[in-house]
Amino acid sequence: MLCPKCKNGLVVEDKNYKCPSCQISLPVVFYAYRLKQEDIDKLVLEGVSDEIEFFSKTKKKKFKAKLVYKNGKVDFEFCSNKENEGKIEEEREKENDTICIFLNSLSSGVVRVFKMDGDKKEEKIYDFGTKATRYSHALSLIAILPLVPNDKKLRIISDDIAFVKYALGEATPRDRDIRTGIYVLLQELKNYTWSLELSMKKLKLKGGNSKKLSKTFFRTLV
Ligand SMILES: [Zn+2]
């Protein structure tokens, strides 16, 4: 990609295109749309892009909007079309307000935590040794919550049915450690607006060594 002003090559820094000599910073990806050279040219030189087709992940629907570049930031230009405006507002709220946390069991005691905050994705593997999976789901959530701002809504998706039942109060763990873990977790969750669901995908997982799992394999989990 080239800087529309000075024609220098743009560098990618913190997921943004930046020009080494001009004050330009544009996201590489905006709402899952990868900016093209022509978009960058229009945004920088004219302040507004042509109409771009976006895809809403939450609604699994396409929507069209123009982008504007103002005060060093790219944003949607709210179209005169009222219906479209509502859609975009809703989209923005959903994507900005909610953090998705996926808890996938890799093996007993080993949990892969996948955090999705808009376009930001983060993956951590927690290994709690020989602890039961249901317990390690609670523990990994407790571990990750301090990293999640509590003005966000939390959507937690776990693939351990016992953990989901315990956390939702539909069953009580017999094991005292797990009972304590669930209690601590629920106390922590009081600071959030949260939902918890069981992931519907049946996964065949072998072992907990994430290096052996290919990237395409991970993609199927999300
Ligand atoms: Zn430049």
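Let's start with helix H1 in this predicted model. The cover over the buried residues of H1 includes strand E2 (16-18), strand E3 (25-27), strand E6 (48-56), strand E7 (61-70) and E8. Which residues of helix H1 are buried? Within its stretch, residues 37-46, they are Asp 39, Ile 40 and Leu 43. These three take up an arc of only 100° around the axis, so they sit on the same side of H1. Residues three or four places apart along an α-helix point the same way, because there are 3.6 residues a turn. Turn to the other side of H1 and you'll find Gln 37, Glu 38, Leu 45 and Glu 46, which are exposed. Just after H1 comes Gly 47, with a positive phi near 85°.

Strand E8, one of the elements covering H1, spans residues 73-77 and includes Glu 77. Is Glu 77 buried, exposed or partly exposed? It has 16 C-beta neighbours inside 10 Å, so Glu 77 counts as partly exposed. Set aside the neighbours within four places in sequence, and Glu 77 touches Val 48, Ala 65, Lys 66, Leu 67 and Val 68. Take Val 48: 29 residues separate it from Glu 77 in sequence, yet the C-alpha atoms of the two are 7.9 Å apart in space.

Now for the other helix worth a good look, H5. Its 14 residues (176-189) should span 20 Å at 1.5 Å a residue, and the C-alpha atoms at its ends are indeed 20 Å apart, so the two figures agree. Ile 178, Gly 181 and Ile 182 are the buried residues of H5. Looking down the axis of H5, you'd see them fall within an arc of 95°, which means they line one face of the helix. Arg 176 and Gln 187, over on the other side of H5, are exposed. Among the things covering the buried face are helix H3 (133-144) and helix H4 (161-167).

That brings us to the cores. In soluble globular proteins, nonpolar side chains tend to be buried together. Here the largest nonpolar core has 19 residues, and Leu 103, Ala 138, Ile 156, Phe 163, Tyr 166, Ala 167 and Ile 182 have the most contacts inside it. Two or more residues each come from strand E9 (98-107), strand E10 (110-117), H3, strand E12 (153-158), H4 and H5. Beyond its neighbours within four places in sequence, Tyr 166 is in contact with Arg 134, Ala 171, Pro 173, Ile 178 and Ile 182. There is also a second, separate core, made of 12 residues, including Cys 3, Cys 19, Ile 24 and Leu 67. You've met Leu 67 already, as one of the contacts of Glu 77.

Note on methods:
Residues are numbered from 1 along each chain as its sequence is written. This is a predicted model: local features need pLDDT of at least 70, side-chain atom pairs count only at pLDDT 80 or more; totals for chains, interfaces and linings use all residues. Helices (H or I, at least four residues) and strands (E, at least two) are DSSP runs, numbered from the N terminus. The expected span of a helix is 1.5 Å times one less than its number of residues. A residue is buried if 20 or more other C-beta atoms lie within 10 Å of its own, exposed if 12 or fewer, and partly exposed in between; C-beta atoms are placed from the backbone. The arc is that of the directions from the helix axis to the C-beta atoms. Two residues are in contact if their C-beta atoms, placed from the backbone, lie within 7 Å. A nonpolar core is a set of buried Ala, Val, Leu, Ile, Met, Phe, Trp, Tyr and Cys residues joined through C-beta atoms within 7 Å.
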